Amino acid sequence: MEAVERVYREEFGRVVASLVRRFGDIDVAEDAAGEALLVALERWPVDGVPPNPGAWLTTTAARRAIDRLRRESHRDAKHQAALMITDDTAHESTGPVEDDRLRMVFTCCHPALAPEARVALTLRLLGGLTVAEVAQAFLVPETTMAQRITRAKRKIAGAGIPFRVPSAADLPARLDAVLAVVYLVFNEGYLATSGTAVRDDLTGEAIRLGRLLHRLLPEEPEVTGLLALMLLTEARRPARLDADGTLVALPEQDRGLWSRELVAEGHALVRACLALDRPGRYQVLAAIGAVHTDASTAADVDWSQVAALYGQLAALDPSPVVELNRAVAIAELDGPAVALARVEALAGPLASYHPFHAVRADLLRRLGRPAEARAAYDAALALVDNPAEERWLARRRDGLDPRRPGEER
Amino acid sequence: MPQYFLAVNHDEAGAAEMAEMTMEQMQPIFEAVSAFNDELQEQGAWVFAGGLQDHAATTVVDATGDAPVVTDGPFSESKEYLGGFWIIEAADLDAALAWAAKGSKACAGKVEVRPFQAEPEA
């Protein structure tokens, strides 16, 4: 039973995408894929899992879809016509692999859909999560999520959002939207905005989508960069929380707990994408992750390289958050006073961003200004929702010693 | 082929700004819109287009009761009102959005893209 569901989940995106191309209707494809699961649950435990479960599920689902469309003769002529269609979509060159799932991801992440709908559709149709699971992932009631997904599917059909890989000219912009969805799912899992500390179901799903995109678009350096970034972040997960679930900051993490396999895979991917010499945001973030995971101790981190990479990132994708992270690296190079001046300049745009207050607090602590550091930790604590981060910040704040001058510099 | 409604909305502020513009300032916009219309026709995407008079020229007719009632002014007091539109044929939303981008550039305003309910029988 569990094995069947695992295979099904793995194959779901492929089955639905293939049926959408054939029948031109997401609802028909989704329902038929669901019926194919019921058949599989009945047959596989008896007959065994077929050698090509994806093809088996697609064939079974397609038969169900045809049966249904024949039965429902009152449905409009378009569906009837679809029965005759095998593949009428123009084949555009998408590199060596032509995969319906690639068309599907561009449909799900179309800019004409609301961002939260893109995420929901991608997880549902490509990731094979149930509507209930998607709802749970984003902490909204199932009915709300069901409505969101239904509305998005209606817009795809009604407005004529195509089931197609965008032209080469549009690809970079459209790919950005796809990568943003995957990264958002990953971040929601890695640093859940509320509730539990880490949602490994979501990080796992994001990495699975990232691997799929990388297989489908191996020559797109940002796709490789995003996968590398996620793997290098995920590699550190075992060291990220201590025994009582408190966040452990990067310098204090036990590097022996990091996943060596993921670090090695991430490093190889970083090298591969940088070799293509088309730099982008995810590649630079991955390269920063590679510098951190390259050092065998926290003291060995090459901070000048980290600072230089954040400088490159600021040039590619300027934002106050990038400047904040750059200041953290600069604190290691030029000392906390220089960094604090840079951080203070970000007070306007980042006033409600809790890492801003946390970074500021840490710099004030290191400069021997415990009263101000305490106030800054309090400001961070007032904004944070994640319990592991909250405990970490509280521990930092409570460790401040008002009588002792700065412990560093 | 599906048809799309490309709407250009105006508001009071925008209308006032336009009223201030000289003919010389308007000329490049007229020319750009005219070139866009030509392109729509050449590519076979053109169905219809038009610019509307100011919304003060609107009259509402309500014949849902026993006798038609005619009143002055737009039906709703919304901030935005339809200023002009194109109706085009496009294979899918991406094609319609590409036309809308060109139209927006030409008329120097935002364009709202809405699909028509059903594709007309060929």
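Biologist: In this predicted model, how many residues of chain A are in contact with how many residues of chain B?

Modeller: Six residues of chain A touch five residues of chain B, counting a contact between two residues when their C-beta atoms lie within 7 Å. Sorted by class, the chain A side of this contact holds four nonpolar residues and two polar ones, with no charged residue among them. As a general idea, the size of an interface is often given as the accessible area lost when the parts come together.

Biologist: Turning to the chains themselves, how many helices and strands are there in chain A, and how many in chain B?

Modeller: Chain A comes to 20 helices and zero strands, whereas chain B has three helices and six strands, which follow one another along the sequence as β-α-α-β-β-β-β-α-β. The C-alpha trace of chain B spans about 45 × 45 × 20 Å along its principal axes.

Biologist: What share of the residues counts as buried in chain A and in chain B?

Modeller: A residue is taken as buried if 20 or more other C-beta atoms lie within 10 Å of its own. By that count, 41% of the 409 residues of chain A are buried, and for the 122 residues of chain B the figure is 19%.

Biologist: And which share of the contacts between residues at least 6 apart in sequence joins residues at least 24 apart, first in chain A and then in chain B?

Modeller: In chain A, 62% of such contacts join residues at least 24 apart; in chain B, the corresponding share is 76%.

Biologist: Let us take a single helix, α11 of chain A: what is its span from first C-alpha to last, and what would be expected?

Modeller: Helix α11 of chain A, residues 221–235, has 15 residues and reaches 21 Å, close to the 21 Å expected at 1.5 Å a residue.

Biologist: Why can α11(A) be described as largely enclosed by the rest of the structure?

Modeller: The reasoning rests on burial: 15 of the 15 residues of α11(A) are buried, so the helix is largely enclosed by the rest of the structure.

Biologist: Is A:Gly266 buried or exposed, and with which residues beyond its sequence neighbours is A:Gly266 in contact?

Modeller: A:Gly266, which lies in helix α12 (residues 260–275) of chain A, is buried, because 24 other C-beta atoms are found within 10 Å. Setting aside neighbours within four places in sequence, its contacts are A:Ala228, A:Leu231, A:Leu232, A:Ala235, A:Gly289, A:Ala290 and A:Thr293. By contrast with these contacts, A:Phe106 lies 160 residues from A:Gly266 in sequence and 25 Å away in space, C-alpha to C-alpha.

How values were computed:
Residues numbered from 1 in each chain as written. Chains lettered and ligands numbered in written order. Predicted model: local features only at pLDDT ≥ 70, side-chain atom pairs only at ≥ 80, totals over all residues. Nonpolar A, V, L, I, M, F, W, Y, C, P; charged D, E, K, R; others polar. Helix = DSSP H or I, 4+ residues; strand = E, 2+ residues; numbered from the N terminus. Expected span 1.5 Å × (residues − 1). Buried ≥ 20, exposed ≤ 12 C-beta atoms within 10 Å, placed from the backbone.
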